[in-house]
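Okay, thanks for coming, everyone. I've got one structure to walk you through today, so let me put it on the screen.

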Amino acid sequence: MRTDDFWQLIERARAGGGEPGAVAARAVALLAAREPEEIVGYARHQQRVLAASYRVDLWGAAYLINGGASDDGFEYFRGWLMTQGRAVFARAVAEPDSLAELPRVRAASLSGEEFECADMLAVPWDAYRRTTATDLPVDRPASPEPDLNDFWDFDDPDEARRRLPRLAALFVEPPQE
């Protein structure tokens, strides 16, 4: 599956609106209507997308927005980020502080809403099982090992302000209602 095909399927799933879980469910249905080889291609492409987004600065953004982010929490955050579409995903990977521009993220600074979608990560496995009644012949990838020298103290407000100033303005010292 090509990059454009991968993101077009997600855009079609997003077209129905709704919460991230609903987008993931529609993505499963759309992908399950395809040939098993295409589902495998989607799974491999998803692995590449997730690997490319395994960045410390994006993890820091997830940590600020969600009030913390474990290994799994960061995975689920990137699942949610996929449900936001190609443009938002690509911009967030290139410039994590750009997430401060999303109205829903801005609102979360007041509401405390967290952004995760584990279901989006399971789309190819669920679609393949639905289509073939067997398990996807692609292993779930192990998370890449981060370079611990790249991490910064996500709880340090000064460091957050320096690295992610727009998100820090929202989440380090949230605006008053």
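I'll go through the annotation, then the helix packing, then the core, and finish with a loop residue.

First off, keep in mind that this is a predicted model. On the annotation side, the unreviewed UniProt entry has a domain called DUF4240, covering residues 1–130. In the model, that span is 74% helix and 0% strand, and its end C-alpha atoms sit 19 Å apart.

Let's start with helix 3, residues 36–52. That's 17 residues, and from the first C-alpha to the last you get 25 Å, close to the 24 Å expected. A good part of this helix is tucked away: the buried residues are Ile39, Val40, Gly41, Tyr42, Ala43, His45, Gln46, Val49 and Leu50. So what covers them? Well, the cover includes helices 1, 2, 5, 6, 8 and 9.

Take helix 1 from that list. Its axis and the axis of helix 3 are 10 Å apart, and the packing angle is about 95°. Anything from 65 to 115 degrees counts as roughly perpendicular, so that's what we call this pair. If you want to find the contact on screen, look for Thr3, Phe6, Trp7, Leu9 and Ile10 on helix 1, against Tyr42, His45, Gln46 and Val49 on helix 3.

Now compare helix 5 and helix 6. Here the axes come within 7 Å and cross at roughly 135°, so this pair is oblique. The contact is Arg78, Leu81 and Met82 from helix 5, with Val88, Phe89 and Ala92 from helix 6.

Some of those names come back in the core. The largest nonpolar core has 58 residues, and the ones with the most contacts inside it are Tyr42, Phe77, Met82, Leu99, Met120 and Leu167. Which helix gives the most to this core? That would be helix 4, residues 56–66, with 8 residues. Leu167 is a nice one to click on: leaving aside residues up to four places away in sequence, it touches Ala61, Leu64, Ile65, Pro96, Asp97, Leu99, Ala100, Val105 and Val172. As background, nonpolar side chains in soluble globular proteins tend to be buried together.

Last thing, a backbone detail. Most residues other than glycine have a negative phi. Ala133 isn't a glycine, yet its phi is positive, about 60°. Where does Ala133 sit? It's in the loop between helix 9 and helix 10. And is Ala133 buried or exposed? Exposed, with a relative accessible area of 66%.

That's it from me; happy to rotate the model if anyone wants another look.

Definitions and conventions
Residues numbered from 1 in each chain as written. Predicted model: local features only at pLDDT ≥ 70, side-chain atom pairs only at ≥ 80, totals over all residues. Heavy atoms only, no water. Helix = DSSP H or I, 4+ residues; strand = E, 2+ residues; numbered from the N terminus. Expected span 1.5 Å × (residues − 1). Buried < 20%, exposed > 50% of the residue type's maximum accessible area, 1.4 Å probe, protein only. Contact = heavy atoms within 4.5 Å. UniProt positions renumbered as here; feature names shortened; annotations may be inferred. Core = buried A, V, L, I, M, F, W, Y, C linked by side-chain atoms within 4.5 Å. Axes fitted to C-alpha atoms, helices over the stretch in contact; angles between N-to-C directions. Parallel < 35°, antiparallel > 145°, perpendicular 65-115°, else oblique.
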